[in-house]
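Grab a pencil and work through these exercises with the structure open beside you. Each one has a task and then a solution in steps.

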Amino acid sequence: MGGCFSQQWFSSLQGLRELFFPRRCIVCGRFLTADEADVCTACREDLPMTYQWDIVQNAAFERLARRFDVEAAATLFFFGAESDYRKIIYGIKYGGRRELARRMGFELGTRLAGNRDFRRCQAVIPVPLHPLRRWTRGYNQAEEIACGLAAALGVPPETALLRRSRYTKTQTRLHGAAKTKNVQGAFRVDPGRAAALQAAGVRHVLLIDDVLTSGSTLAACAAPLTKAGFRVACATLAFAGT
Ligand SMILES: [Zn+2]
């Protein structure tokens with residue numbers, strides 16, 4: 001009886017909240033129903049999927065293979081210059097949408113779980129943010145994505161292995177060689193953690209970021225991991241044109 005009452009009370013509170021602060025779809029701006037979260041059903045169904053998890057030598061793989069010996073690569077959806085689906089990434093990166101990051105990570109993870117190259121990954125590693133930027137933003141969006149993705153793959157997220165060794169400018173406004181130079185040597189591997197993981201038999205790792213653009217950030221992360229003896233696969237939510 002009591003539980004029933006409190007549930008009613010709770011849902012009427014939620015109803016009130018909806019009345020005063022109606023939630024909108026992050027992509028199209030339409031009002032969301034009570035059972036929709038962040039993205040409306042129509043936008044979710046129209047998500048421009050890449051299907052790269054079904055293609056071995058896909059465009060993401062080819063872009064990264066030019067830079068380093070990547071084991072496998074996949075992204076979830078395309079990120080066109082004019083596309084409203086960019087707003088998913090903005091919301092995750094700058095809008096504090098941590099839940100959305102986790103849910104999208106989980107969606108990507110369920111697809112990767114059907115692919116042998118990704119199923120053999122033993123640890124999911126988010127691209128680290130510099131502690132200062134993590135502090136100002138309040139969270140690392142790649143870590144939130146990795147969290148959802150790791151749950152879908154059934155492997156643990158690993159945040160102690162890869163560290164950012166210096167502060168870098170944001171990649172968003174840089175182009176070409178400047179982008180590569182900005183992040184080169186910006187990451188290092190914790191030797192103690194690497195030894196512990198390898199002693200536990202971990203060899204294949206999966207690097208996670210929000211967007212794959214030039215691939216310079218993932219390449220800069222993969223360099224110390226490869227040097228430490230790990231085989232690196234990569235996955236991001238969005239695939240951007242360069
Ligand atoms: Zn929508």
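**Exercise 1. Is Cys 25 buried or exposed, and what about Cys 40 and Cys 28?**

Before you start, keep in mind that this is a predicted model.

Step 1. Start with the cut-off: buried means under 20% relative accessible area, and exposed means over 50%.

Step 2. Cys 25 comes out at 4% relative accessibility, so Cys 25 is buried.

Step 3. Cys 40 has a relative accessible area of 3%, so Cys 40 is buried too.

Step 4. Cys 28 is at 38%, so Cys 28 counts as partly exposed.

**Exercise 2. Work out which protein atoms hold the zinc ion and what geometry they make.**

Step 1. List the donors: they are the SG atoms of Cys 25, Cys 28, Cys 40 and Cys 43. These atoms lie 2.3 to 2.4 Å from the zinc ion.

Step 2. Look at the angles among the four donor atoms, which run from 103 to 114 degrees.

Step 3. Apply the rule: four donors count as tetrahedral if all angles lie between 85 and 135 degrees. The zinc site passes, so the site is tetrahedral. For reference, the ideal angle for four tetrahedral donors is 109.5 degrees.

Step 4. Now read the donors along the chain: their spacing is C-x2-C-x11-C-x2-C. Take the pair Cys 25 and Cys 40: they are 15 residues apart, and the pair links distant parts of the chain. Both sit in the loop between helix 1 (2-20) and helix 2 (41-45).

**Exercise 3. How many disulfides does the model have?**

Step 1. Remember what you're looking for: a disulfide is a covalent bond between the sulfur atoms of two cysteines.

Step 2. Pick the cut-off: two cysteine sulfur atoms have to be within 2.5 Å.

Step 3. Count the pairs that pass, and you get zero disulfides.

Step 4. Try Cys 234 as a check: the nearest cysteine sulfur belongs to Cys 221 and is 8.4 Å away, and Cys 234 is in no disulfide.

Step 5. Add the accessibility: Cys 234 is at 2%, so Cys 234 is buried.

**Exercise 4. Describe the largest cavity and what lines it.**

Step 1. Count first: there is one cavity of 30 Å³ or more. The volume of the largest cavity is about 40 Å³.

Step 2. Name the lining: Val 39, Arg 44, Leu 47, Ile 88, Met 104 and Glu 107.

Step 3. Sort these residues by class, and you find four nonpolar, two charged and no polar ones.

**Exercise 5. Which element gives the most residues to the lining of the second largest pocket?**

Step 1. Begin with the space: the second largest pocket has about 230 Å³.

Step 2. Find the middle: 14 residues line this pocket, and the closest to its centre are Pro 128, Leu 129, Thr 159, Leu 162 and Arg 163.

Step 3. Narrow down the elements: strand 2 (123-126), helix 7 (131-137) and strand 3 (162-164) each give two or more residues to the lining.

Step 4. Pick the winner: strand 3 gives the most, with three residues.

Step 5. Finish with the classes: the lining has six nonpolar, two polar and six charged residues.

**Exercise 6. What sign does phi have at Asp 38 and at Tyr 51, and where do these residues sit?**

Step 1. Read phi for Asp 38: about 65 degrees, so to speak on the positive side, although Asp 38 is not a glycine.

Step 2. Place Asp 38: look in the loop between helix 1 and helix 2. Asp 38 has a relative accessible area of 11%, so Asp 38 is buried.

Step 3. Do Tyr 51 next: its phi is near 55 degrees, again a positive value in a residue other than glycine.

Step 4. Place Tyr 51 in the loop between helix 2 and helix 3 (59-65). At 48% relative accessibility, Tyr 51 is partly exposed.

**Exercise 7. How far from Ile 26 is Gly 91, in sequence and in space?**

Step 1. Locate Gly 91 in helix 4 (residues 86-94). Gly 91 is buried, with a relative accessible area of 8%.

Step 2. Count along the chain: Gly 91 and Ile 26 are 65 residues apart.

Step 3. Go from C-alpha to C-alpha, and the separation is 7.6 Å.

Notes:
Residues are numbered from 1 along each chain as its sequence is written. This is a predicted model: local features need pLDDT of at least 70, side-chain atom pairs count only at pLDDT 80 or more; totals for chains, interfaces and linings use all residues. Side-chain values use heavy atoms; hydrogens and water are left out. Donors are N, O and S atoms within 2.8 Å of the metal (3.2 Å for Na, K and Ca); water is not among the atoms, so sites may look incomplete. Four donors count as tetrahedral if all angles lie between 85 and 135 degrees; four count as square planar and six as octahedral if opposite donors are over 155 degrees apart and all others between 65 and 115; anything else is irregular. Helices (H or I, at least four residues) and strands (E, at least two) are DSSP runs, numbered from the N terminus. Buried means under 20% relative accessible area, exposed over 50%, partly exposed in between (1.4 Å probe, protein chains only). On a 1 Å grid over the protein atoms alone, a cavity is a set of points where a 1.4 Å probe fits but cannot get out, and a pocket is an open set with protein on both sides within 12 Å along at least five of seven lines; lining residues have an atom within 4 Å of a point. Grid points are joined across faces, edges and corners, and a volume is the space filled by probe spheres set on the points. Ala, Val, Leu, Ile, Met, Phe, Trp, Tyr, Cys and Pro count as nonpolar, Asp, Glu, Lys and Arg as charged, and the others, Gly among them, as polar.
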